[in-house]
Amino acid sequence: MSAVSSAATIRVLPERVRNQIAAGEVVERPASVVKELCENALDAGARELVVELEEGGAALVRVTDDGRGMGPEDLRLAFVSHATSKLAEVDDLAHIGTLGFRGEALASIGSVARARILSRRAEDEHAWAVEDLGGTIGPVTAAGAPLGTTLEVRDLFYNVPARRAFLRRTSTELGRALDVLQRLALAHVGTGFVVTHDRGRVFDIEREMDLAARVRRLFGAELAEALVPVAAEQGELRLSGLVAPPRFSRSDTTRQMWFLNGRPLKDRVLARCLLEAYRGFNDEKRQPVAFLSLALPPASVDVNVHPTKSEVRFRDERRLFPFLLTALRAAVARTDMATPGGRLLVPFPRHPGAAWPAQSGERPRIEELEVREADGPAPEALRPAPELSASAPCLPALAPEPAHAGAVLQVAATYLVRALADGLEIVDQHALHERVIYERLKAALRAGKLEVQRELVPELIELARSEVHVLTEHLPTLEKLGIELALFGPTTVAIHGLPALLARRAGPRLVREIVAALAEGEKLPGPEELLDHVVHSMACRRSVMAGDLLAPEEIEALLAAAARLDHDQTCPHGRPTRVRLTLSDLERAFHRR
Ligand code: ADP
Ligand code: MG
């Protein structure tokens with residue numbers, strides 16, 4: 001038999017192909033690159049990380065650290081698969097103390113992107129650099145750089161179009177990358193993080209900040225102040241961290257974090273344990289908010305279950321679970337469980353210069369006033385007395401001073417109640433604000449002064465072909481309204497500009513609403529109707545909502561702005577904005593007459 005005909009059909013795949021296959025497991029999206037690079041920097045003892053992202057990380061992820069760096073011999077191997085400085089024997093797997101150990105990440109990343117390492121150790125006179133361009137590793141060259149390492153990954157999946165096509169829009173990819181970074185920043189108290197996107201600051205975590213300070217910086221004062229600490233120990237098991245009152249629970253797990261020996265992880269056993277700790281306190285469909293660190297001997301947990309190491313296997317689950325549950329349940333029980341009743345009925349006496357707690361979320365502000373960024377709690381005088389928060393059926397008891405004309409009470413964070421000379425008035429804050437914004441928009445339109453905010457990177461939205469078709473005919477009208485759209489593909493529309501009054505994130509919703517309105521009518525609406533519809537939607541988007549707590553200054557500004565309008569008795573949709581009770585109404589109600 002000749003050598004040719006006996007050639008094996010089974011072949012060992014070339015290294016480059018193997019790396020690309022491995023990349024399928026390790027590198028799913030820009031967020032995975034962020035994770036791997038940051039973990040390497042942390043393993044190298046970095047105290048400060050600078051993470052720069054472009055286009056959600058798809059165009060660039062650059063992580064610069066001040067860790068121990070690599071010499072030229074290390075650089076020759078850094079992109080080679082199964083090359084690692086962290087593990088020599090399989091035995092070592094039993095006590096892994098570093099975040100990485102498989103020696104796979106850089107090889108995988110380099111095979112599906114244009115990667116470059118620039119690194120300098122303290123003992124070297126200058127830095128060294130090496131590139132891996134889609135699996136082709138270049139020579140190690142001399143370079144200039146400060147101590148530490150910069151790892152740059154550009155154009156992820158540029159050579160794997162099939163994978164590239166799976167990347168979502170910039171905002172989605174950015175969101176995932178930031179989720180990873182937030183988790184790392186909370187897991188590594190003691191390390192500083194600076195994160196930028198398209199050169200703009202996203203967040204800064206200073207090295208000295210403790211866990212609570214980090215939570216406050218990332219998620220706001222309201223949550224940070226409500227957290228209750230957990231600390232428990234049993235043998236070599238240690239649990240520490242913070243749990244939030246049940247009312248902070250959310251539909252997603254972005255604020256539920258577990259750290260195991262400093263490694264952020266999403267583990268089903270731990271997640272179940274937390275849910276169990278909140279049982280009875282929490283709506284079961286909602287996810288509790290907690291930041292928890294678990295320390296246990298590396299030998300009692302197997303982290304080598306999954307390539308991304310986000311899942312682990314505990315050797316002694318039966319001991320772990322009850323220990324965690326007891327400690328967590330006790331902490332949850334110590335949180336302030338009061339339903340937001342206390343927030344629903346808040347008196348607003350007019351104290352000159354009184355501060356108000358920072359507003360949560362990013363609701364629209366009522367203009368013409370500055371809400372001071374208060375980062376401390378409200379002064380005692382402004383907070384409802386604690387015993388009133390749970391049950392407060394009796395209105396007068398809440399008022400710290402006798403009501404006088406002009407004092408405004410916000411009820412259920414939705415209605416504003418104020419005394420008038422001849423009775424009282426109840427205002428629906430959303431309806432009234434909507435009317436104010438609506439009039440302002442119309443005035444700006446009439447005067448041709450609608451300011452348009454143009455986007456460098458247009459937001460893309462997917463629509464049905466038929467919807468795109470309908471929309472096309474109305475592009476010029478919409479443009480007059482400051483909504484600048486362009487067709488991007490048969491089912492894609494790009495938002496190039498929006499009225500500056502409108503929050504950018506409101507764009508896609510607004511366009512969808514317009515499309516829905518256009519699709520609904522049997523005949524297409526004329527420009528006048530369309531205009532009205534759009535202005536309605538915009539006014540609605542810009543308005544404070546029922547449920548938004550308003551600062552006293554905002555309430556004043558709102559009422560003052562409404563007082564200047566010709567029509568302020570209904571919202572643009574025709575709902576009333578005010579209900580009035582005159583003195584004679586009251587007299588009749590109390591049988592005084
Ligand atoms: P692993 O982290 O599993 O060892 P990687 O492919 O992520 O594998 O990295 C390979 C090796 O490159 C690491 O073991 C480490 O020695 C070195 N390395 C990677 N990034 C850095 C960095 N930022 N600073 C110092 N050394 C690094
Ligand atoms: Mg690594």
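A contact is taken here as a pair of residues with heavy atoms within 4.5 Å. On that basis, in this predicted model, residues 24 or more positions apart account for 70% of the protein's contacts with a separation of 6 or more. The protein contains 20 helices and 24 strands. Of its 593 residues, 45% are buried. The exposed area comes to about 30,300 Å², of which carbon and sulfur atoms supply 54%.

One sheet makes a pleasant place to begin a closer look. It is an open sheet of three strands, ordered β21-β23-β22, with antiparallel pairing. Because β21 (452-462) and β22 (484-489) each have a single partner strand, they stand at the edges, and one side of each is left without a neighbour in the sheet. On average, and with direction ignored, neighbouring strands of this sheet are turned by 20 degrees against each other. The antiparallel pair of β21 and β23 (residues 492-499) is joined by seven bridges. Readers who wish to trace the pairing may turn to I461, whose bridge partner in β23 is V493.

A pair of helices offers a second view. Helix α9 (residues 268-277) and helix α10 (residues 317-334) have axes that come within 8 Å and cross at roughly 40 degrees. Angles under 35 degrees would count as roughly parallel, so at this crossing angle α9 is oblique to α10. The crossing of the two helices, α9 and α10, is right-handed. On the α9 side, V269, L270, R272, C273, L274, E276 and A277 take part in the meeting, while α10 contributes E317, F321, L324, L325, L328, R329 and V332.

Methods:
Residues are numbered from 1 along each chain as its sequence is written. Chains are lettered from A and ligands numbered from 1 in the order in which they are written. This is a predicted model: local features need pLDDT of at least 70, side-chain atom pairs count only at pLDDT 80 or more; totals for chains, interfaces and linings use all residues. Side-chain values use heavy atoms; hydrogens and water are left out. Helices (H or I, at least four residues) and strands (E, at least two) are DSSP runs, numbered from the N terminus. Buried means under 20% relative accessible area, exposed over 50%, partly exposed in between (1.4 Å probe, protein chains only). Accessible areas come from the Shrake-Rupley method with a 1.4 Å probe; for residues, only the protein chains shown count as cover. Two strands pair if DSSP finds at least two bridges between them. Axes are lines fitted to C-alpha atoms, for helices over the stretch in contact, and angles run from 0 to 180 degrees between N-to-C directions. Angles under 35 degrees count as roughly parallel, over 145 as roughly antiparallel, 65 to 115 as roughly perpendicular and the rest as oblique. A crossing is left-handed if the near helix is turned anticlockwise from the far one by less than a right angle, and right-handed if clockwise.
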